[in-house]
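User: I should like to go through this structure by question and answer. Please give the reasoning before each result.

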Amino acid sequence: MAGSDWTCSLSAMHEWESQDYEPSLPVSEKSNPLTRDIDRASAKCIVRMLQACDAQMFQEETGATYQRLLGERVVETVVEVAKRVQLVLKDPQDSLVVLSGCGTSGRMAFLITSAFNRALRELNQSSVYSYIIAGGDRALLSSQEAPEDDPKLGMLSLKKACEGKKRVLFIGISCGLSAPFVAGQLDFCLQHPEVYTPVLVGFNPAHQARDEPMPGCTFTFRSVVQRMQELAKSQKAFLINPAVGPEAISGSSRMKGGSATKILLEVVLSAAHAATFTNTPVTHKGILQHMRAYEKTLDKTYAQTDGITALLEAAGQSLLCGRRVCYMGWGSLALLGLIDASECIPTFGADYEDVRGFVSGGYKELNNNEGPLISLGPDFCIAHEDFLHLILPSLNDQDIVLLVYTHSDDVSEVAELARRVREKTSNLHAIYHRVDGDTAAAVQQEDFNKLCLSSLKITWPSPASESLLHMQWELSTKLLLNAVSTGAHVLKGKIYQNHMIDVQVTNSKLYCRATRLLRKLSGCPESQCEEALLKAIYEVDELTVGITSCDITTHTLTARNRSKVVPLALVCLLTGCSLVEAESRLEQQPIFSGGTSSTMLVCVM
């Protein structure tokens, strides 16, 4: 139900768990019943819908259909993986823990390895964590979808990262159990059990793992999972794959998929560190308590509904005006701003200028494998100084600037930047984390608030653990920024019902998703939908044998240079018009209105 009367019913929370609900789709690709009208909701209702979706991560198991994040089997597996990490920490010589993934999964791998290597350095211990992201470090800041489809590239990148190591715990992250890049790495681990122990993290049941052939491979992702399941019986491999429910925007694993990845892997590594350096045993109870702390983080974050709504509306207004959203962050919270901004491009078909993230300290703070990437172009300039030189001169009151920081950052530095920004725009806002009782920071903050249109302040109780508090700040910030950028693009008209209508078709997963979406929205047969998609990709009204004989990889490489292929294909399917006519219609009326069939509401801008 859209509008101010929207409420979340218990039945809607659990509806997706029914075996009859979109039975042909894996959980990670289903549409969420809670958000099916998010495209028509008010800003406040959008926030409530996102809160209800995020709360599904922590729902208790209601039967045997799906294992859940807090379920017995998941917690037990987390305990065992934490003990494997502990073995590496106790004897780091010639050992390595590798976290790897594509897109959001790879970015979470980077964020987590950075944090825990930093913790080791503070203890005067050698670093044992390494990350791999498909497409290399440029994928930390921009969409690099094509490498996700290359299992051989995944294998080679793992082999290179682990050269000379005698013991490797490999943690492959694939939210949908679908990425060929990760499948190639897992297969390599299974072929070399004397060195590698593979762990798979994802959010579909094993039987829903992708079963399509991969280029140059005799195995599928599902067959790799099946081999791992067999080895898991003797703890020679591990699967951590709770269902956390469909995403608020269908298939957008940057949201719950990214959050649940962060929760699980931080729980694993934190428990291993506590066991190694403070003699705190890894226990089922301790793991569960840590997970519950993240659940409280979610509640505390969404208690700020009014503040989140104000930010979402301001960001949405900026995008509607063709202007930009800028995140200015400090420390690891700034990295979450970079990550959120980078994900808007493939998810919503956004331009890289629409949402940008900037970090105090730039690449020195990022500390990525490949170092500064500024030679790749202006969209890889990420320091506050870059913002001041490249962005600030052209700002006006229709641009929104969002400052993201904590009481432990240099608030005087934040205030100085705020003053510089206010010279160009009054549309300045802040997200600020503080600890209860910090009166000095509170006084300083009062003066700073006068510079901002709004300040979303989250006050946390004095922590028993500084590291846990910082991880909670990070998760809270991720939830907030995901809500702001997602809601802003919803208000701009980038979503139909709860589907990414303008998704970029740049790898096999997105190609299949686009075909399914066209089938759902048009009601046409799958073959006809794929034909329409190919016509939009190749910009032709008739397909040649040369086109139809190409494989999906060729199609997706071609699609990288095209825009609005899904909206164009949909208009052609619904109206029977040519591509030229479809383009003209989209230019004249970028948001169509109506109900179903040829008058279906389609958001494409």
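**Strands, helices and cysteines**

Analyst: L239 is found in strand β5, which spans residues 238-240. The model under discussion is a predicted one.

User: Is L239 buried or exposed?

Analyst: A residue counts as buried when its relative accessible area is under 20%. L239 has a relative accessibility of 14%, so this residue is classed as buried.

User: Which residues is L239 in contact with, leaving aside its neighbours within four places in sequence?

Analyst: One partner can be placed through strand pairing, since L200 stands opposite L239 in β5. With neighbours within four places in sequence set aside, the contacts of L239 are T77, L200, V225, M228 and Q229.

User: How far apart are the C-alpha atoms of L239 and L480?

Analyst: Along the chain, L239 and L480 are 241 residues apart. In space, their C-alpha atoms are separated by 29 Å.

User: How many bridges pair β4 with β5, and which helix completes a β-α-β unit with them?

Analyst: β4 and β5 pair in the parallel sense, over 3 bridges. The unit that contains both strands is right-handed. Its helix, residues 221-232, is α7.

User: Which residues lie on each side of β4, and how many of its residues are buried?

Analyst: One side of β4 carries Y196, P198 and L200, and the other carries T197, V199 and V201. Both faces are covered, with these residues all buried. For the strand, residues 196-201, the count of buried residues is 6 of 6.

User: Which residue of β4 stands opposite F170, and how many bridges link β3 to β4?

Analyst: The residue of β4 opposite F170 is P198. β3 (residues 167-173) also forms a right-handed β-α-β unit with helix α6 (residues 180-191) and β4. The pairing of β3 with β4 is parallel, and its number of bridges is 6.

User: What is the strand order in the open sheet of 5 strands, and which strands stand at the edges?

Analyst: The pairing in this open sheet is parallel, and the order is β7-β6-β8-β9-β10. Each edge strand has a single partner, so one side of each is left without a neighbour in the sheet. The edge strands are β7 (355-359) and β10 (454-460).

User: By what angle are neighbouring strands of this sheet turned against each other on average, and which helix packs on the sheet?

Analyst: With direction ignored, neighbouring strands are turned by 15° against each other on average. A helix spanning residues 331-348 touches β6, β7, β8 and β9, and its direction makes about 155° with that of β7. This helix is α11.

User: How many bridges join β8 to β6, and how many join β8 to β9?

Analyst: β6 (residues 325-329) and β8 (residues 400-406) run parallel, with G329 opposite V404 and C326 bridged to V401. On the β9 side, L402 of β8 stands opposite H429, and β8, helix α14 (residues 411-422) and β9 make a right-handed β-α-β unit. The bridges number 5 between β6 and β8 and 6 between β8 and β9.

User: How many residues of β8 are buried?

Analyst: One side of β8 holds I400, L402, V404 and T406, while the other holds V401, L403 and Y405. All of these residues are buried, and both faces are covered. The count for β8 is 7 of 7.

User: Where is S105, and which residues does S105 touch beyond four places in sequence?

Analyst: S105 lies in helix α4, residues 104-122. Its relative accessible area is 5%, so S105 is buried. Its contacts beyond four places in sequence are I173 and C175.

User: How many disulfides does the structure hold, and why do C175 and C529 form none?

Analyst: A disulfide requires sulfur atoms within 2.5 Å. The closest cysteine sulfur to that of C175 is in C102, 9.9 Å away and therefore too far for a bond. For C529 the closest is in C524, and at 5.3 Å this is also too far. The number of disulfides is 0.

User: Which residues does the UniProt annotation "domain: SIS" cover?

Analyst: The annotation comes from an unreviewed UniProt entry. In the model, residues 85-278 are 42% helix and 14% strand, with their end C-alpha atoms 15 Å apart. The annotated residues are 85-278 and 315-494.

Methods. Residues are numbered from 1 along each chain as its sequence is written. This is a predicted model: local features need pLDDT of at least 70, side-chain atom pairs count only at pLDDT 80 or more; totals for chains, interfaces and linings use all residues. Side-chain values use heavy atoms; hydrogens and water are left out. Helices (H or I, at least four residues) and strands (E, at least two) are DSSP runs, numbered from the N terminus. Buried means under 20% relative accessible area, exposed over 50%, partly exposed in between (1.4 Å probe, protein chains only). Contact means heavy atoms within 4.5 Å. Two strands pair if DSSP finds at least two bridges between them. Axes are lines fitted to C-alpha atoms, for helices over the stretch in contact, and angles run from 0 to 180 degrees between N-to-C directions. UniProt positions are given in the numbering used here, feature names are shortened, and annotations may be inferred rather than shown by experiment. A crossover is right-handed if, with the strands pointing away from the viewer, the path from the first strand over the helix to the second runs clockwise.
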